[in-house]
Amino acid sequence: MSEEIPLLDLDDALNRALGDAAFLKMMFEEFQQMIPDLMAAMAIAIQKGDLDSLGKSAHQIKGAAANLGATAVSAAALNLERIGKSGSPQDAHAAFERLDSAQTALFHHIHQLDWSTLGEK
């Protein structure tokens, strides 16, 4: 039985943004703009069996997500990065679907946040 990874560690994300919710929101918006190209690159890499490119794109997503406290996206991208390094594409499609679901859920959640109340304590 696998442990459920939280979608977002908002406290950590706000800490990394030094409590500046407007800055954090801008960073999430930039992340949301960059992720479609990386997801498309990974889909092509999986289709072509290009595990090196898969791993590199997954690494980019993993790092950006981790810096934003997006734990579920970061974990899913880490799994794809490991598949890219393993040389075995066996679970790549399922791992890609998990990453896609995690990023979709993350952005849905982000758009529901009341940014005006974040960072206040």
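Which side chains meet in a salt bridge of 3.6 Å, N to O? They are those of K85 and E81, and we'll come back to them in View 3. Keep in mind as you look around that this is a predicted model.

**View 1. The whole protein is built from five helices and zero strands.** Start at the N terminus and walk along: the elements run α-α-α-α-α. Along the principal axes, the C-alpha atoms fill a box of roughly 50 × 35 × 20 Å. The radius of gyration is 15 Å, which agrees with the value near 14 Å that a compact globule of 121 residues would have. Of those 121 residues, 40% count as buried. About 7200 Å² of the protein is exposed, and carbon and sulfur atoms supply 52% of that area. Now take the contacts between residues at least 6 apart in sequence: 66% of them join residues at least 24 apart.

**View 2. Helix α3 has a covered side to look for, with buried residues that include L54, A58 and I61.** The rest of the buried set is L51, G55, S57, K62, A64 and A65. Yes, a lysine is on that list: K62 is one of the buried residues of α3. What lies over them? The cover includes α2 (21-48), α4 and α5. As for length, the 17 residues of α3 should span 24 Å at 1.5 Å a residue, and the end C-alpha atoms are indeed 24 Å apart, so the two values agree. Just past the helix, look for G69, which follows α3 and has a positive phi, near 75°.

**View 3. K62, E81 and K85 are linked in a network of salt bridges.** Begin with K62 and E81, whose side chains meet at 2.8 Å, N to O. K62 sits in helix α3 (residues 51-67) and E81 in helix α4 (residues 71-86), so this pair ties together parts that are 19 residues apart in sequence. Then move to K85, which meets E81 at 3.6 Å, N to O. K85 and E81 are both in helix α4, four residues apart, or about one turn of the helix. Is E81 buried or exposed? E81 counts as buried because its relative accessibility is 5%, under the 20% cut-off. K85 is exposed, at 67%, which puts it over the 50% cut-off.

**View 4. Over in helix α1, R16 forms a salt bridge with D12.** The closest N and O atoms of this pair are 3.0 Å apart. R16 and D12 are four residues apart in helix α1 (residues 10-16), so about one helical turn separates them. Both ends of the bridge have some surface showing: R16 is partly exposed at 48% relative accessibility, and D12 is partly exposed at 26%. Across the protein, the salt bridges come to four, and the R16 and D12 pair is one of them.

**View 5. E97 sits in helix α5 (residues 92-112).** E97 is partly exposed, because its relative accessible area is 45%, a value between the 20% and 50% cut-offs. How far apart in space are E97 and A43, C-alpha to C-alpha? The answer is 9.9 Å, although 54 residues separate E97 and A43 in sequence.

Conventions. Residues are numbered from 1 along each chain as its sequence is written. This is a predicted model: local features need pLDDT of at least 70, side-chain atom pairs count only at pLDDT 80 or more; totals for chains, interfaces and linings use all residues. Side-chain values use heavy atoms; hydrogens and water are left out. Helices (H or I, at least four residues) and strands (E, at least two) are DSSP runs, numbered from the N terminus. Buried means under 20% relative accessible area, exposed over 50%, partly exposed in between (1.4 Å probe, protein chains only). The expected span of a helix is 1.5 Å times one less than its number of residues. Contact means heavy atoms within 4.5 Å. The radius of gyration is taken over C-alpha atoms; the globule rule is 2.2 Å times the number of residues to the power 0.38. Accessible areas come from the Shrake-Rupley method with a 1.4 Å probe; for residues, only the protein chains shown count as cover.
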